[in-house]
Amino acid sequence: MLKKFVLASSFLLAAGCTTVPITGRRQLSLVSDSEMNTLAVTQYKQTLGTAKLSTNAEEVAMVRRVGQRVAAAVEQYFKQQGQSSQLDGYQWEFNLIDDPKTVNAWCMPGGKVAVYTGILPLTRDENGLAVVLGHEISHAVAKHGAERMSDQLALQLGGTALATAFSQNPTATGNIFNTVIGAGEQGAALAFSRRQESEADHLGLIFMAMAGYDPAGAVPFWERMAAQSQNGTPVFLSDHPADATRIADIKRLLPEAEKYYKPR
């Protein structure tokens, strides 16, 4: 175990890194975007194939409308930074899964998004939904999934690059991906780190503001989520801790986000 840890640690020092947009944090990268996107498309199709998609035309249209506005804001931001290539391979897709008992939403690498009907009573309106979608899309564009995949490759497979790991041990590699980007009934088995959660909050506020949604709406949304957790932790909160510290951090970030806000 110690030898494995040393090998992994040595590889980390030599590994390539990427930079999180807006925050500028450097992160480990053993996984290419195209590899992550390909794996995500496969799992997304599997999830939708077993899920019951909503037939509520109004709610489906709302999810897609809000999602596309936030996605367009993301694309606008990266274009302004001269980094549109960071979104190469993204094919945005937004689906509403009819599951009133599941309070959850997620975005896979490459822009594959699912929202569960169980979270809509807490989002309440389009602005509340923009908080959720801004946050989840931010996890994807900040490459948090690839970062977690890289961490697990380093720990479990000694820092092997994804292409090599997949050819040598496709079952183990697939299991790692499902653990990192798990969706559907299983949920994501690995919780995002506090740092990643904070980044998703930060980026999400800016992207929703650029999309024309009021970032101040994030505060009452997370307060409702915190109240919901008192009656049992929803799936959404298993990875997304809602507490006084988080809400205080969001309030601190609001002045920056509001600079991007232009109501529509």
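**Strand β5, the cores and the aromatic pairs**

Me: What makes β5 a strand with two sides, and which residues point each way?
Reply: Lys112, Ala114 and Tyr116 point one way from β5, Val113 and Val115 point the other way, and all are buried. Buried means under 20% relative accessible area, exposed over 50% and partly exposed in between, with a 1.4 Å probe and protein chains only. In a regular strand the side chains alternate between the two faces of the sheet. This is a predicted model, in which local features need pLDDT of at least 70 and side-chain atom pairs count only at pLDDT 80 or more, while totals for chains, interfaces and linings use all residues. Residues are numbered from 1 along each chain as its sequence is written, and side-chain values use heavy atoms, with hydrogens and water left out.

Me: How do you know that strand β5 is mostly covered?
Reply: Of the 5 residues of β5 (residues 112-116), 5 are buried. Strands here are DSSP runs of E with at least two residues, helices are runs of H or I with at least four, and both are numbered from the N terminus. By that rule the chain has 12 helices and 5 strands.

Me: In which sense does β3 pair with β5, and over how many bridges?
Reply: The sense is parallel, and strand β3 (residues 93-97) shares 5 bridges with β5. Two strands pair if DSSP finds at least two bridges between them. One bridge puts glutamate 93 opposite lysine 112 of β5.

Me: What joins β4 to β5?
Reply: Strand β4 (residues 105-108) runs antiparallel to β5 and is joined to it by 4 bridges. Tryptophan 106 has alanine 114 as its bridge partner in β5. The hairpin has 3 residues between the strands, and glycine 110 in it takes a positive phi near 90°. Both faces of β4 are covered, with Ala105 and Cys107 buried on one side and Trp106 and Met108 buried on the other.

Me: What makes a set of residues a nonpolar core, and which residues have the most contacts inside the largest one?
Reply: A nonpolar core is a set of buried Ala, Val, Leu, Ile, Met, Phe, Trp, Tyr and Cys residues joined through side-chain atoms within 4.5 Å. The largest has 51 residues, and Val115, Ile137 and Val141 have the most contacts inside it. Helix α3 gives the largest share of this core, 10 residues. Another core, of 8 residues, lies apart from it and includes Tyr44, Leu48, Ile97 and Ala114.

Me: Which residues does valine 115 touch?
Reply: Not counting residues up to four places away in sequence, valine 115 touches Val63, Asn95, Leu96, Ile97, Asn104, Ala105, Leu120, Leu129 and Leu133. Contact means heavy atoms within 4.5 Å.

Me: How many aromatic pairs does a search of the whole structure find?
Reply: The search finds 6 aromatic pairs. One of them, tyrosine 77 with phenylalanine 207, has 5.8 Å centre to centre and 70° between the planes, and is edge-to-face. Tyrosine 77 lies in helix α3 (residues 57-80) and phenylalanine 207 in helix α9 (residues 194-210), 130 residues apart. Rings of Phe, Tyr and Trp (its six-membered ring) pair if their centres lie within 6.5 Å; planes under 30 degrees apart count as stacked, over 60 as edge-to-face and the rest as tilted. Tyr77, Phe78 and Phe207 form one aromatic cluster.

Me: Why is tyrosine 77 called buried?
Reply: Its relative accessibility is 8%, and the limit is under 20%, so tyrosine 77 counts as buried. Phenylalanine 207, at 0%, also counts as buried.

Me: How do you know what kind of pair phenylalanine 221 and tryptophan 222 form?
Reply: Their ring centres are 5.2 Å apart and their planes are at 70°, so the pair is edge-to-face. Phenylalanine 221 is buried at 0%, and tryptophan 222 is buried at 2%.

Me: What sits over the ring of tryptophan 222?
Reply: The charged end of arginine 246 sits there, 4.1 Å from the ring centre. The rule asks for NZ of Lys or CZ of Arg within 6 Å of the ring centre and within 35 degrees of the ring normal. The charged end of arginine 69 sits over the ring of tyrosine 213, 4.0 Å from its centre.
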